[in-house]
Amino acid sequence: MPEVIFNGPAGRLEGRYQPSKEKSAPIAIILHPHPQFGGTMNNQIVYQLFYMFQKRGFTTLRFNFRGIGRSQGEFDHGAGELSDAASALDWVQSLHPDSKSCWVAGYSFGSWIGMQLLMRRPEIEGFMSIAPQPNIYDFSFLAPCPSSGLIINGDGDKVAPEKDVLGLVDKLKTQKGILITHKTVPSANHFFNGQVETLMAECEDYLDRRLDGELVPEPAAKRIR
């Protein structure tokens with residue numbers, strides 16, 4: 001997969017990019033865990049998500065947030081990292097003007113950034129939020145959440161306790177017009193140690209079903225006049 005360097009708001013950003021052979025293929029952006037706790041685009045789960053989308057014909061990008069690897073800048077507590085993600089999507093879209101849709105997948109801190117990106121970009125039609133941390137980060141901006149997606153966590157996660165994730169899921173499930181799918185990986189911790197295969201099997205199943213037209217809300221019934 002080609003190494004790429006592209007311009008971000010705080011300097012150059014480093015990524016790995018795999019274009020699809022199809023000009024109009026959807027785009028997938030993968031966002032890594034917290035930069036100050038060892039998160040990089042080479043995280044195993046981030047890499048596996050990248051490969052999952054690539055294998056299904058998406059134009060796919062993962063990249064290092066500012067201050068990580070060869071990406072310039074300094075950690076900015078989320079605001080700058082959201083700008084990095086928006087710049088990354090802009091960059092891919094500039095190379096693929098025929099691509100009309102996009103997915104975003106984020107793990108841990110990356111899932112918080114991904115959900116904020118979702119609010120800003122109407123072309124994002126699906127998301128995967130892996131081990132989100134609503135106990136640490138404010139997700140109240142999801143009002144309303146504009147797209148259907150997957151939230152998945154381990155029930156042994158001490159970093160983001162399941163009761164907090166369930167609170168977020170329950171809140172989102174009350175919204176009309178989208179379908180939130182929630183999955184739990186039994187006995188998995190925040191890092192899915194020994195459970196990455198199970199996690200990826202759930203993500204692959206969800207993506208395949210979405211690509212087959214499943215797991216989206218039923219269209220509203222037309223009122224008879």
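Which residue in β4 is the bridge partner of I27? In this model, which is predicted, the bridge partner of I27 in β4 is T59, and I would like to start from that pair of strands and work outwards.

A word on conventions before I go on. Residues are numbered from 1 along each chain as its sequence is written, and side-chain values use heavy atoms, with hydrogens and water left out. Because the model is predicted, local features need pLDDT of at least 70 and side-chain atom pairs count only at pLDDT 80 or more, whereas totals for chains, interfaces and linings use all residues. Helices (H or I, at least four residues) and strands (E, at least two) are DSSP runs, numbered from the N terminus, and two strands are said to pair if DSSP finds at least two bridges between them.

Let me turn to the sheet. β3 and β4 pair in the parallel sense, over 4 bridges, and they belong to an open sheet of 8 strands with mixed pairing, in the order β1-β2-β4-β3-β5-β6-β7-β8. The edges are taken by β1, residues 3–8, and β8, residues 180–185, and since each of these has a single partner strand, one side of each is left without a neighbour in the sheet. From one strand to the next the twist averages 20°, where axes are lines fitted to C-alpha atoms, for helices over the stretch in contact, and angles run from 0 to 180 degrees between N-to-C directions. At the β8 edge, β7 (residues 149–154) pairs with β8 in the parallel sense over 6 bridges, and there the partner of N153 is T184 in β8.

Across several of these strands, namely β2 (11–18), β3 (27–31), β4 (59–63), β5 (102–107) and β6 (124–130), lies helix α1, residues 44–55, which runs at about 165° to β4.

What about burial? I use buried for under 20% relative accessible area, exposed for over 50%, and partly exposed for what falls in between, with a 1.4 Å probe and protein chains only. On that scale 5 of the 5 residues of β3 are buried, and both faces of the strand are covered, with I27, I29 and L31 on one side and A28 and I30 on the other.

That leads to the nonpolar cores, by which I mean sets of buried Ala, Val, Leu, Ile, Met, Phe, Trp, Tyr and Cys residues joined through side-chain atoms within 4.5 Å. The largest has 40 residues, and those with the most contacts inside it are I29, L61 and F63; its largest share, 7 residues, comes from helix α2, residues 79–95. If we leave aside neighbours within four places in sequence, I29 is in contact (heavy atoms within 4.5 Å) with L61, F63, A88, L89, V92, C102, W103, V104 and A105. A second, separate core of 27 residues includes L49, I130, L150 and L215.

L215 deserves another look, as its phi is near 60°, a positive value in a residue other than glycine. L215 sits in the segment after α5 and is buried, at 16% relative accessible area. H77, also not a glycine, has a positive phi of about 60°; H77 is found in the loop between β4 and α2 and is exposed, with a relative accessible area of 60%. A further backbone feature is the cis peptide bond from A143 to P144, with omega near -10°, and P144 is placed in the loop between β6 and β7.

On the cysteines, the structure holds 0 disulfides, a disulfide being a pair of cysteine sulfur atoms within 2.5 Å. For C145 the nearest cysteine sulfur, that of C102, is 14 Å away, and C145 is buried at 3% relative accessible area. For C203 the nearest cysteine sulfur is again that of C102, at 16 Å, and C203 is buried at 0%.

In helix α5, residues 196–211, we find A201, which counts as partly exposed at 44% relative accessibility. The C-alpha atoms of A201 and M52 are separated by 9.9 Å, although the two residues are 149 residues apart along the chain.

Finally, the annotation. An unreviewed UniProt entry places the feature "domain: Xaa-Pro dipeptidyl-peptidase-like" at residues 17–138; its positions are given in the numbering used here, the feature name is shortened, and such annotations may be inferred rather than shown by experiment. In the model that span is 34% helix and 20% strand, and its end C-alpha atoms lie 30 Å apart.
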